[in-house]
Amino acid sequence: MLKHTVLNSIPPLPFPQGDSNRNIIMWMDHRAASQVERINRTRHQVLKFVGGVMSVEMQPPKLLWLKENLRESCWDKAGHFFDLPDFLSWKATGIMARSLCPLVCKWTYSADGGWDESFWKKINLEDFVADNYCKIGTQVLSPGDPLGKGLTPEAAKELGLPAGIAVAASLIDAHAGGLGVIGADVKGYNLPCENQPITSRLAVICGTSSCHMGISPDPIFVPGIWGPYFSAMVPGLWLNEGGQSVTGKLIEHVVQGHAAYPELQAKASARFQSIYTYLNSHLDSIKKSLPVGFLTVDLHVWPDFHGNRSPLADLTLKGMVTGLRLSHNLDDLALLYLATVQAIALGTRHILETMEEAGHSISTLFLCGGLSKNPLFVQMHADITGLPVVLSQEVESVLVGAAILGACASGDFTSVREAMARMGKVGKVVFPKPEEKRFYDKKYKVFLKLVEHQKEYAAIMNEDI
Ligand SMILES: Nc1ncnc2c1ncn2[C@@H]1O[C@H](COP(=O)(O)OP(=O)(O)O)[C@@H](O)[C@H]1O
Ligand SMILES: O=C(CO)[C@H](O)[C@H](O)COP(=O)(O)O
């Protein structure tokens, strides 16, 4: 079972007060900004394992927010707090055991040291220590381990499946996607990673957000990139997790907020196409003899409309656009869409370069998730990073990762590594266009200037008057 990193409570207690069905805090909810700032000021040693700076999207700041804001109605009454993957496996099996993956990646649990008592005390959540971590997890299993006796009769009835069917300890959605793609057999595709270790592959799971999963045999500490997390995705290997908080969500925001959006919708539906297929062919029609990417020579976007998750780990950053004109027709919408897709790919290059500076050596990208269905998005990732991109046979590789875990829990495979190699399959490979490299190197230079300038503006505005 898997899903987003969402905080749930049992019994269902409303966050905030009111409707008890609304007992979750979504991962992209940044309400705990003040709490995470205070947590980061402690400079506690657990922060070393989340890239040096804890993200507001992780669970400790959200828990502290609950304690500080909903003490009586929620904090004092809650029996358990869960990440959604663990909540779902509990609903399916009745087993309270947690998966190592969410606990390590979002809750500061360590695979070899367990909970760090001093951290919870330091951030005023000593309550967890006092009750021996009963509310956040005492029994911890590896992803793919079987849970209890499998599906309970009650859950089986609700799902229309046989009772007792194996249920595995979970992975977070992005991690399941990583597992689903990163082990595929690449023989015969002329890829640099064919004769290199699996650690030369970076899985990029691109949906509402994007997650960049790099693995290594030894821990690598990358400033601003989550981890290193031991065994949190591929068993026995360390994981660094870069990310962009809004990617698919950002493209939707930019496209749907444009004045020409109703026209786009009408034209796309007249052709029975998705808006993205229509936009991609519209760009082809206006590019003339130029490569399509070159259309944004004077239009640049900084994509952190919801803060920067990696590698700057700065939730205060905002989006930027430079190069706007006094027109709002479909051409403008298509160009802004292109510049946004490019900005997301430039962000991936920024993450990749930061990982490489710290010791990773990546030669091939493995893309999956909703955005990997968009050929423009995929080609821009290849051209802007200069690396070949492997697409899986199954776009919904998160589900392949879940199936790998299930196949281990049911005993069909004896190890996750074996199941990964057998069940992950290459669909298509997209190579970068070397002749366009110089253009994207220049775009990247501008990209880095944008954030530098944004910081300068903030510094000016913060000067004493
Ligand atoms: N055919 C498509 N073409 C372009 N973009 C797509 C397509 N299908 C989905 N997307 C984009 O993928 C994103 C959702 O990806 P998905 O992996 O389903 O989401 P999530 O990360 O929430 O699980 C959306 O923002 C959507 O715009
Ligand atoms: O934090 C994450 C993984 O560690 C993901 O960004 C989060 O789970 C949401 O992903 P999605 O793009 O599927 O909504």
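This passage describes a sheet, an annotated domain, a ligand shell and one loop residue in a predicted model.

In the UniProt record, an unreviewed entry, the annotation "domain: Carbohydrate kinase FGGY C-terminal" covers residues 202-409. In the model, the end C-alpha atoms of this span, residues 202-409, lie 26 Å apart, and the span is 40% helix and 19% strand.

An open sheet is formed by seven strands, which follow one another in the order S8-S9-S7-S6-S12-S13-S14 with mixed pairing. The edges of this sheet are strand S8 (226-230) and strand S14 (426-430), each of which pairs on one side only. From one strand to the next, the twist averages 25°. Helix H9 packs on the sheet, where it touches S6, strand S7 (210-216), S12 and S13, and the direction of H9 makes about 135° with that of S6.

Both senses of pairing can be followed in individual strand pairs of the sheet. Strand S12 (residues 364-368) pairs with strand S13 (residues 389-392) in the parallel sense, over three bridges, and within this pair Leu365 has Val389 of S13 as its bridge partner. The pairing of S8 with strand S9 (residues 238-244), by contrast, is antiparallel and also runs over three bridges, with Phe230 standing opposite Trp238 in S9. Although S8 is an edge strand that pairs on one side only, four of its five residues are buried, so S8 is largely enclosed by the rest of the structure.

The surroundings of ligand 1 consist of 13 residues, the closest of which are Gly207, Thr208, Gly248, Gly370 and Asn374. Divided by class, this shell around ligand 1 holds three nonpolar, seven polar and three charged residues. Helix H10 (residues 248-256) gives the most to the shell, contributing four residues.

Asn195 is located in the loop between helix H9 (173-182) and strand S6 (201-206). This residue has 9 other C-beta atoms within 10 Å, and Asn195 is therefore classed as exposed, the cut-off for that class being 12 or fewer. Between Asn195 and Lys91 there is a separation of 104 residues in sequence, and the C-alpha atoms of these two residues lie 43 Å apart in space.

Key
Residues numbered from 1 in each chain as written. Chains lettered and ligands numbered in written order. Predicted model: local features only at pLDDT ≥ 70, side-chain atom pairs only at ≥ 80, totals over all residues. UniProt positions renumbered as here; feature names shortened; annotations may be inferred. Helix = DSSP H or I, 4+ residues; strand = E, 2+ residues; numbered from the N terminus. Near = placed C-beta within 6 Å. Nonpolar A, V, L, I, M, F, W, Y, C, P; charged D, E, K, R; others polar. Buried ≥ 20, exposed ≤ 12 C-beta atoms within 10 Å, placed from the backbone. Pairing = 2+ DSSP bridges. Axes fitted to C-alpha atoms, helices over the stretch in contact; angles between N-to-C directions. Contact = placed C-beta atoms within 7 Å.
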